[in-house]
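Got a structure in front of you and wondering where its labels come from? Let's go through some of them, one question at a time.

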Number of protein chains: 2
Amino acid sequence: MKKKLTGAAVFGQSGGPTSVINSSAYGVIRTALDAEEITAVYGAAHGVVGILNDELFDMSKEDAGELKLLMNTPSSELGSCRYKIKEESELERIREIFEKYNIRYFFYNGGNDSMDTCSKVNDYLERVGYECRVIGVPKTIDNDLVGTDHCPGFGSAAKYIATTVAEVYKDAHVYDTGTITIIEIMGRHAGWLTGASALAGLQGLGPDYIYLPEIPFEMDEFLENVKKTYKEKKNCLVCVSEGIHHHDGTFVAKAKISETDGFGHAQLGGLAAKLAHAAQTKTGAKVRGIELSLLQRCAAHLASQTDIDEAFLAGKSAVEHAISGGSGEMVCFTRDMEGGKYKCGIKFEPLSICANMEKKVPREWITQDGTGVTKEFIDYVLPLIQGENSGKKEDGIPRFAKLKKIKAEI
Amino acid sequence: MKKKLTGAAVFGQSGGPTSVINSSAYGVIRTALDAEEITAVYGAAHGVVGILNDELFDMSKEDAGELKLLMNTPSSELGSCRYKIKEESELERIREIFEKYNIRYFFYNGGNDSMDTCSKVNDYLERVGYECRVIGVPKTIDNDLVGTDHCPGFGSAAKYIATTVAEVYKDAHVYDTGTITIIEIMGRHAGWLTGASALAGLQGLGPDYIYLPEIPFEMDEFLENVKKTYKEKKNCLVCVSEGIHHHDGTFVAKAKISETDGFGHAQLGGLAAKLAHAAQTKTGAKVRGIELSLLQRCAAHLASQTDIDEAFLAGKSAVEHAISGGSGEMVCFTRDMEGGKYKCGIKFEPLSICANMEKKVPREWITQDGTGVTKEFIDYVLPLIQGENSGKKEDGIPRFAKLKKIKAEI
């Protein structure tokens with residue numbers, strides 16, 4: 001245990017939002033408000049941008065009940081940003097703001113890029129001798145952060161995807177005339193989310209084919225597979241990652257379907273529409289392309305309670321660890337399978353190893369032919385999608401947190 | 001009370017599925033299985049197509065627990081069809097099958113077209129003197145059936161839309177850079193579903209503009225509105241019906257954006273992508289088009305419990321009414337607002353007045369400027385989206401009914 005450090009804390013959210021990112025926010029804010037070492041708790045408007053702009057909210061001014069509703073409120077309640085620190089002057093500015101408010105604790109919630117920001121701030125403050133404890137809190141539906149068993153946000157998106165694929169399966173199989181359905185799922189470089197569609201298969205409602213960005217995409221093979229299955233079953237359901245690409249690295253979403261398809265320019269409608277069109281041309285079947293779009297990352301009504309609880313734990317652990325003297329690290333999850341029962345534990349890894357790297361789906365968790373995932377993959381995801389969200393409802397729709405966001409004054 | 005009629009019953013599902021269509025199925029099947037007048041209960045595979053093909057399932061062979069799970073199972077479990085009876089020979093064939101199985105009760109679950117089928121079968125059987133009681137059970141997310149206060153399936157789709165719009169609102173408002181989001185909602189000729197997006201506004205999370213098919217669409221006005229709101233608020237959220245059309249009746253989804261947009265052919269990506277592209281060109285903003293697609297009609301996990309219960313009631317009432325001697329009618333809902341509290345009642349209307357007509361959103365429930373709905377509209381929809389579905393889960397995803405579908409033998 002390092003020496004006791006007394007001062008204010010600031011918390012920021014960065015990168016793409018998730019269904020449970022505010023559960024981590026609540027973990028940080030609630031724990032910090034209750035900690036005697038922490039004299040004030042600030043929320044940065046739009047992450048590091050809010051710090052640079054001296055736009056901080058005083059979290060002590062918020063109603064405790066509203067803060068608690070953050071546990072079931074999707075998206076980044078304090079606002080997010082996609083801002084990469086490029087110059088030393090920005091780091092100086094951050095220190096200036098930290099000094100102004102006597103900020104001694106910095107908690108930053110985000111993905112790879114955000115951990116890079118966090119790391120840069122930490123290194124700079126160490127270098128100039130400004131005492132501050134910096135902890136990264138992981139967040140990404142993509143599940144691609146290195147150092148942690150899995151990422152807060154992934155379980156809820158995976159649950160949304162598995163549930164939605166099961167429901168679409170039911171819908172797509174009602175007609176006697178048959179249909180081909182292509183569902184496009186997020187994940188530009190890692191196939192964790194698209195792979196999660198396989199969990200619908202536990203109820204016999206899974207996709208026939210799954211295309212992940214880890215495996216180069218062959219349009220001809222895809223069309224042959226779809227044609228074969230449609231012929232056999234009168235139906236074919238395919239889940240594809242938005243990030244599938246050809247051997248040369250070109251995203252399929254950006255490439256022409258073929259030299260002769262007449263679509264020589266970028267499609268507006270995205271990958272699902274494009275593949276559906278190609279399948280239609282090949283088979284003459286009724287086709288439908290569905291893009292899950294933002295819904296997969298903001299559908300808090302379908303969040304996994306396990307994910308909500310773990311996201312809270314990540315935020316809480318960040319504060320406790322910092323108070324104990326930890327700094328320059330990211331909160332990581334471990335997986336204990338004691339007696340076959342899943343339990344999530346906490347460890348800490350240096351920010352430097354978590355920043356800027358991407359964890360992909362291991363090749364051995366993808367089936368030999370590259371169009372599905374293995375039992376190991378399913379066993380890995382399954383515990384993360386358990387538990388139903390019982391968030392407060394008003395007027396039959398979710399009642400999210402309503403924060404006052406009162407500007408901090410010093 | 002007419003004379004007692006003893007014989008078998010057949011039930012069929014037709015048209016686009018909904019989240020709660022199987023709840024009506026359960027209402028019919030359970031009530032029919034328990035009725036002493038009904039000697040056998042058959043489910044037609046793919047609606048009237050299954051009757052024509054002599055493909056009926058024996059419902060008495062199903063497990064009672066699995067049948068009950070129909071209450072939370074989306075889509076048409078027996079299979080659906082979009083089949084219009086064109087020839088007298090088809091009606092003769094139906095009578096032949098009815099005679100084969102001694103079918104004296106025919107329950108048909110669907111929308112306008114299905115009520116037309118139902119009406120034709122009823123008229124034919126009356127004409128040829130084959131004693132059979134025929135009752136239509138309404139079903140459509142579009143809420144456009146005449147004769148009933150509202151339609152089973154609408155409340156759940158409306159709840160899905162209101163919830164999803166609220167969640168997308170949260171997501172679309174996180175960045176400091178702002179964004180324009182266009183959400184495309186089903187409803188080709190009636191704007192009930194698109195109007196339901198306004199219910200997100202009860203939580204302050206509603207769309208800035210709502211475009212219904214009841215009002216001719218003006219692209220220039222749309223672009224001006226979006227530009228103005230984006231400039232003022234740095235954000236703009238728009239909900240549009242798939243069926244919006246120009247003054248001349250051309251669907252916007254099919255029309256060119258303008259003579260000079262370079263997109264002289266039909267877009268693959270649908271209306272949302274097209275309008276998002278137009279808004280992007282006009283404003284330079286970051287835009288996103290989202291099509292709710294099948295999800296809005298199959299997301300049983302978010303079904304309204306009120307809708308589930310009423311759908312069941314519609315099925316049950318159909319059987320009870322037929323046993324009491326009713327025929328040639330459709331089950332209709334009434335609305336009682338005793339002491340300000342919503343209560344759904346049942347009445348019956350002739351099939352002839354329910355078939356082939358469409359009930360649109362009244363002009364006075366649309367705001368003067370045509371880009372929103374009034375409080376009357378919201379008050380109408382609000383009771384229909386109440387109550388959370390607590391359907392069974394397995395492996396963290398919904399556990400739907402698994403029927404054996406054993407072919408009926410005589």
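What follows is a set of questions and answers on how the labels fit this model.

Q: What makes this a model to read with some cut-offs in mind?
A: This is a predicted model, so local features need pLDDT of at least 70 and side-chain atom pairs count only at pLDDT 80 or more, while totals for chains, interfaces and linings use all residues. Residues are numbered from 1 along each chain as its sequence is written, chains are lettered from A and ligands numbered from 1 in the order in which they are written, and side-chain values use heavy atoms, with hydrogens and water left out.

Q: How do you know how chain B is related to chain A?
A: Lay one on the other, by least squares on the C-alpha atoms of residues with pLDDT of at least 70 in both. Chain B goes onto chain A with a turn of 180 degrees and a shift of 0.0 Å along the axis, at an RMSD of 0.0 Å. The two copies are therefore related as by a two-fold rotation axis.

Q: Why say that the copies meet through the same surface?
A: Because 100% of the interface residues of chain B are interface residues in chain A too.

Q: What makes a space a cavity rather than a pocket?
A: On a 1 Å grid over the protein atoms alone, a cavity is a set of points where a 1.4 Å probe fits but cannot get out; a pocket is an open set with protein on both sides within 12 Å along at least five of seven lines. Lining residues have an atom within 4 Å of a point. Points are joined across faces, edges and corners, and the volume is the space filled by probe spheres set on them. By that search, the whole structure has 5 cavities of 30 Å³ or more.

Q: Which residues line the largest cavity, and what is its volume?
A: The largest cavity holds about 110 Å³, and its lining includes Leu294(A), Arg297(A), Asp171(B), Tyr175(B) and Lys286(B). In chain B, helix H6 (154-172) and strand S6 (179-185) each give the lining at least two residues. Those names come from DSSP runs, numbered from the N terminus: helices are H or I with at least four residues, strands E with at least two.

Q: What about the second largest cavity?
A: About 80 Å³ lies in it, and among its lining residues are Asp171(A), Tyr175(A), Lys286(A), Leu294(B) and Arg297(B). Here H6 (154-172) and S6 (179-185) of chain A each supply at least two lining residues.

Q: Which residues lie nearest the centre of the second largest pocket?
A: Glu77(A), Lys405(A), Tyr169(B), His173(B) and Val174(B), out of 26 in the lining. The volume of this pocket is about 490 Å³.

Q: Why is the crossing of H1(B) and H11(B) called right-handed?
A: A crossing is left-handed if the near helix is turned anticlockwise from the far one by less than a right angle, and right-handed if clockwise. H1(B) and H11(B) fall in the right-handed class. Helix H1 (residues 21-34) and helix H11 (residues 305-323) of chain B pack at about 35 degrees, with axes 7 Å apart. Axes are lines fitted to C-alpha atoms, for helices over the stretch in contact, and angles run from 0 to 180 degrees between N-to-C directions.

Q: What makes His46(B) and Asn102(B) worth a look?
A: Most residues other than glycine have a negative phi. His46(B) has a positive phi near 55 degrees, and Asn102(B) has a positive one near 50 degrees. His46(B) sits in the loop between strand S2 (38-44) and helix H2 (48-52) of chain B, and Asn102(B) in the loop between helix H4 (88-100) and strand S4 (103-110) of chain B.

Note on methods:
Contact = heavy atoms within 4.5 Å.
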